[in-house]
Amino acid sequence: MSLEKMDDFFDARADGYDDHMLIDLALEDFYEEIARLVENEREDFRLLDLGCGTGLELKRLFEKYPAVSVTGVDLSKKMLDKLKEKYPNKKIRFLYGSYFDLSFGSGYDVALSTYSLHHFNEEEKLFLYRKIYASLHENGVFIEGDYIADSLEKQLFTLSELDRLKQEQNIPDGEFFHYDIPFTAETEIRLLRETGFSDVKIAKQWDETAIFLAKK
Ligand SMILES: C[S@@+](CC[C@H](N)C(=O)[O-])C[C@H]1O[C@@H](n2cnc3c(N)ncnc32)[C@H](O)[C@@H]1O
């Protein structure tokens with residue numbers, strides 16, 4: 001299998017992306033649950049969405065909180081263009097680039113990431129979790145919904161497969177190519193606690209997906 005650069009991978013799939021997620025993978029329930037879990041006493045709170053893509057996670061959220069201010073970060077221009085087309089009248093700040101490199105500011109009430117962070121290893125995730133932690137308001141919450149591995153063996157196997165493929169294809173460290181490396185729920189919880197989040201729990205779990213709630 002030939003690895004594709006992350007932005008090229010999602011640019012090439014932006015057109016059929018929503019149908020793939022909602023029809024082929026039937027993920028409506030997941031996005032509904034995400035919107036249910038995002039809670040804030042203010043109507044116009046600030047939400048950071050990491051790897052927002054076409055914004056499937058925002059549809060119900062905008063129905064629940066029409067005045068929410070969203071900062072959406074994504075490195076696929078085509079995915080961001082889809083999001084822009086969908087919500088021309090919403091308060092969205094678009095940040096085009098990698099969330100590893102961009103500074104997204106601070107004082108967010110909620111940080112959210114859905115189906116984006118299962119592409120990164122422990123070191124990369126910890127780096128990002130620390131950045132997310134620093135970007136949150138003192139009572140802020142991070143909600144992460146993503147694929148999970150059902151065993152540590154699987155987690156370690158996909159990690160080693162990615163290393164093998166990168167070596168075979170002469171891909172230097174630090175360059176992001178698309179390959180799924182989901183972690184077990186236990187690993188996720190450990191990393192979020194290691195970051196400093198005080199209260200970390202699984203809010204909802206399906207076979208291959210979980211939603212984690214981490215309070216600052
Ligand atoms: C599977 S899509 C999920 C999109 C959306 N959150 C959803 O649930 O439908 C993963 C998204 O993460 C983005 N992404 C991957 N790595 C990224 C990075 N380093 N910085 C910013 N966005 C990234 C991709 O471009 C893609 O749009």
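Let me start at one contact between strands: in β7, the bridge partner of Y147 is T209. Helices here are DSSP runs of H or I with at least four residues, strands are runs of E with at least two, and both are numbered from the N terminus. What you see is a predicted model, in which local features need pLDDT of at least 70, side-chain atom pairs count only at pLDDT 80 or more, and totals for chains, interfaces and linings use all residues. Residues are numbered from 1 along each chain as its sequence is written.

Back to the strands. β5 and β7 (residues 209–215) pair in the antiparallel sense, over seven bridges. To count as a pair, two strands need at least two bridges found by DSSP.

β5 (residues 136–147) also pairs with β4 (residues 108–114), this time parallel, and six bridges join them. One example is V110, whose bridge partner in β5 is V141. Together with helix α6 (residues 122–135), β4 and β5 make a right-handed β-α-β unit. Right-handed means that, with the strands pointing away from the viewer, the path from the first strand over the helix to the second runs clockwise.

Next, β2 and β3. β2 (69–74) runs parallel to β3 (residues 92–96), with five bridges between them. T71 has R93 as its bridge partner in β3. From β2 the chain goes through helix α5 (residues 77–86) to β3, and this β-α-β crossover is right-handed.

Now the ligand. Which residues are closest to the ligand? They are G51, G53, S76, T114 and S116, out of 21 that surround the ligand. A residue is near a molecule if its C-beta atom, placed from the backbone, lies within 6 Å of it. α1 (6–13) and β2 each supply at least two residues of this shell. By class, the shell has 12 nonpolar, seven polar and two charged residues. Nonpolar covers Ala, Val, Leu, Ile, Met, Phe, Trp, Tyr, Cys and Pro; charged covers Asp, Glu, Lys and Arg; the others, Gly among them, are polar.

Last, helix α7 (residues 152–168). Its 17 residues should span 24 Å at 1.5 Å a residue, and its end C-alpha atoms are 24 Å apart, which agrees. The expected span is 1.5 Å times one less than the number of residues. Just after α7, N170 takes a positive phi of about 55°.

K154 sits in α7. Is K154 buried or exposed? K154 counts as partly exposed, because it has 15 C-beta neighbours inside 10 Å. The cut-offs are 20 or more other C-beta atoms within 10 Å for buried, 12 or fewer for exposed, and partly exposed in between, with C-beta atoms placed from the backbone.
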